[in-house]
Amino acid sequence: MDQSMRDTFAKRAVQLREYIFSQPTHQFKNNPWAVAHAIDEFAETHGHMMIFNEKKLQVAQAQLAAQQPAPRTILEFGAFVGKSAIAWGAILRDIYGEKVPEDVHVYTFELDPQMVLLARELIQLAGIHDLVHVLEGPASESLQKLHREGKVSSVDMAFFDHWEKYYLPDLQLIEDLNLFRTGSLAIADNTDFPGAPDYLKYVKAGGKGTAGSVKYESRSFETESRPGKPSVVEVSTVVATE
Ligand SMILES: C[S@@+](CC[C@H](N)C(=O)[O-])C[C@H]1O[C@@H](n2cnc3c(N)ncnc32)[C@H](O)[C@@H]1O
């Protein structure tokens with residue numbers, strides 16, 4: 001992404017903050033869906049926001065709701081303002097009810113310190129700061145640290161929505177750390193545009209294809225979108241880990 005796009009998104013993030021906090025906050029407190037929907041509404045009315053849209057989110061939500069055993073650890077690559085991270089928190093609350101078990105977590109990774117602050121603020125407002133954690137810095141470094149510290153030993157869903165060149169190396173890092181189980185999900189946005197051809201080729205081929213490697217079954221879900229807009233969510237399910 002070029003500098004002018006970065007500046008536009010940074011400005012829009014500041015406007016989003018004003019938009020949310022200019023409204024009565026009681027409607028958002030302890031209500032992650034209300035915060036997520038308000039971010040969507042802002043994106044609809046104030047310009048494009050590079051967030052995982054509602055239709056795509058529904059595809060991922062259906063996958064998570066059907067997952068057995070129920071998801072306990074979600075990794076998100078690319079937090080931006082925290083919209084999809086807040087939605088994962090809301091989905092986990094829908095699955096478990098208000099009392100989400102203490103060992104259920106969403107870890108979301110973000111490079112941009114300004115976005116980290118805003119995402120944390122919105123997560124706090126939504127009342128899910130015990131559940132959703134924003135880690136600043138390159139995703140691969142944060143994930144290795146979480147693993148080293150024993151905070152993440154298994155991953156139920158990994159969501160790839162950062163810069164596309166990192167999708168495949170970060171998926172392979174999860175494999176190298178032995179974090180997937182049979183039934184784990186790798187969900188990726190933007191595989192149609194701007195596209196992540198090496199990632200797509202890899203998951204469509206079922207993985208590395210060597211003895212003992214993680215094997216995937218992968219499906220491209222086409223969602224409704226405005227003409228010319230990206231519409232595909234790639235859902236890859238781990239069918240074997242050895
Ligand atoms: C498309 S946005 C994420 C949108 C977010 N998932 C949502 O739907 O609300 C991509 C974000 O990934 C971040 N990013 C890109 N590469 C990264 C990396 N290697 N590690 C951590 N964050 C990264 C960017 O700074 C940007 O904020």
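**Close-ups of a predicted model**

**View 1. Tyrosine 167 and its ring partner.** Tyr167 is buried, its relative accessible area coming out at 0%. This is a predicted model, so keep that in mind for every view here. Phe160 is buried too, again with a relative accessible area of 0%. There are 12 aromatic pairs in the structure. In one of them, the ring centres of Phe160 and Tyr167 sit 5.9 Å apart with their planes at 40°, so this pair counts as tilted.

**View 2. Phenylalanine 160 meets tyrosine 199.** Here the ring centres are 5.5 Å apart and the planes make an angle of 55°, so Phe160 and Tyr199 are also a tilted pair. The contact bridges distant parts of the chain, with Phe160 on strand β4 (residues 155–160) and Tyr199 on helix α9 (residues 197–204), 39 residues apart. Both Phe160 and Tyr199 are buried. Zoom out a bit and you get one aromatic cluster made of Phe77, Phe109, Phe160, Tyr167 and Tyr199.

**View 3. Inside the largest nonpolar core.** This core has 54 residues, and the ones touching the most other members are Leu16, Ile20, Ile39, Val81, Ile86 and Trp88. Helix α2 (residues 32–46) chips in the largest share, 8 residues. Pick Ile86 and look around: leaving out residues up to four places away in sequence, Ile86 touches Pro32, Val35, Ala36, Ile39, Leu122, Ile123, Ala126 and Ile128. Apart from this core there's another one, of 29 residues, including Val155, Leu168, Leu171 and Tyr216.

**View 4. The largest pocket.** Its volume is about 1,600 Å³. The lining takes in 47 residues, with His48, Met49, Met50, Ile51 and Asn190 lying nearest the centre. By class, that lining splits into 21 nonpolar, 10 polar and 16 charged residues. Several elements each supply at least two lining residues, among them α3 (54–66), α4 (83–96), β2 (105–110) and α6 (139–148). Which helix gives the most to this lining? That's α1, with 4 residues.

**View 5. The second largest pocket.** This one holds about 240 Å³ of space. Its lining runs through Arg93, Glu98, Val100, Pro101, Glu102, Val104 and His105, and is completed by Gly127, Ile128, His129, Asp130 and Leu131. Sorted by class, you get 5 nonpolar, 3 polar and 4 charged residues. Ile128 is worth a second look, as this lining residue is also among the contacts of Ile86 from View 3.

Note on methods:
Residues are numbered from 1 along each chain as its sequence is written. This is a predicted model: local features need pLDDT of at least 70, side-chain atom pairs count only at pLDDT 80 or more; totals for chains, interfaces and linings use all residues. Side-chain values use heavy atoms; hydrogens and water are left out. A nonpolar core is a set of buried Ala, Val, Leu, Ile, Met, Phe, Trp, Tyr and Cys residues joined through side-chain atoms within 4.5 Å. Buried means under 20% relative accessible area, exposed over 50%, partly exposed in between (1.4 Å probe, protein chains only). Contact means heavy atoms within 4.5 Å. On a 1 Å grid over the protein atoms alone, a cavity is a set of points where a 1.4 Å probe fits but cannot get out, and a pocket is an open set with protein on both sides within 12 Å along at least five of seven lines; lining residues have an atom within 4 Å of a point. Grid points are joined across faces, edges and corners, and a volume is the space filled by probe spheres set on the points. Ala, Val, Leu, Ile, Met, Phe, Trp, Tyr, Cys and Pro count as nonpolar, Asp, Glu, Lys and Arg as charged, and the others, Gly among them, as polar. Rings of Phe, Tyr and Trp (its six-membered ring) pair if their centres lie within 6.5 Å; planes under 30 degrees apart count as stacked, over 60 as edge-to-face and the rest as tilted.
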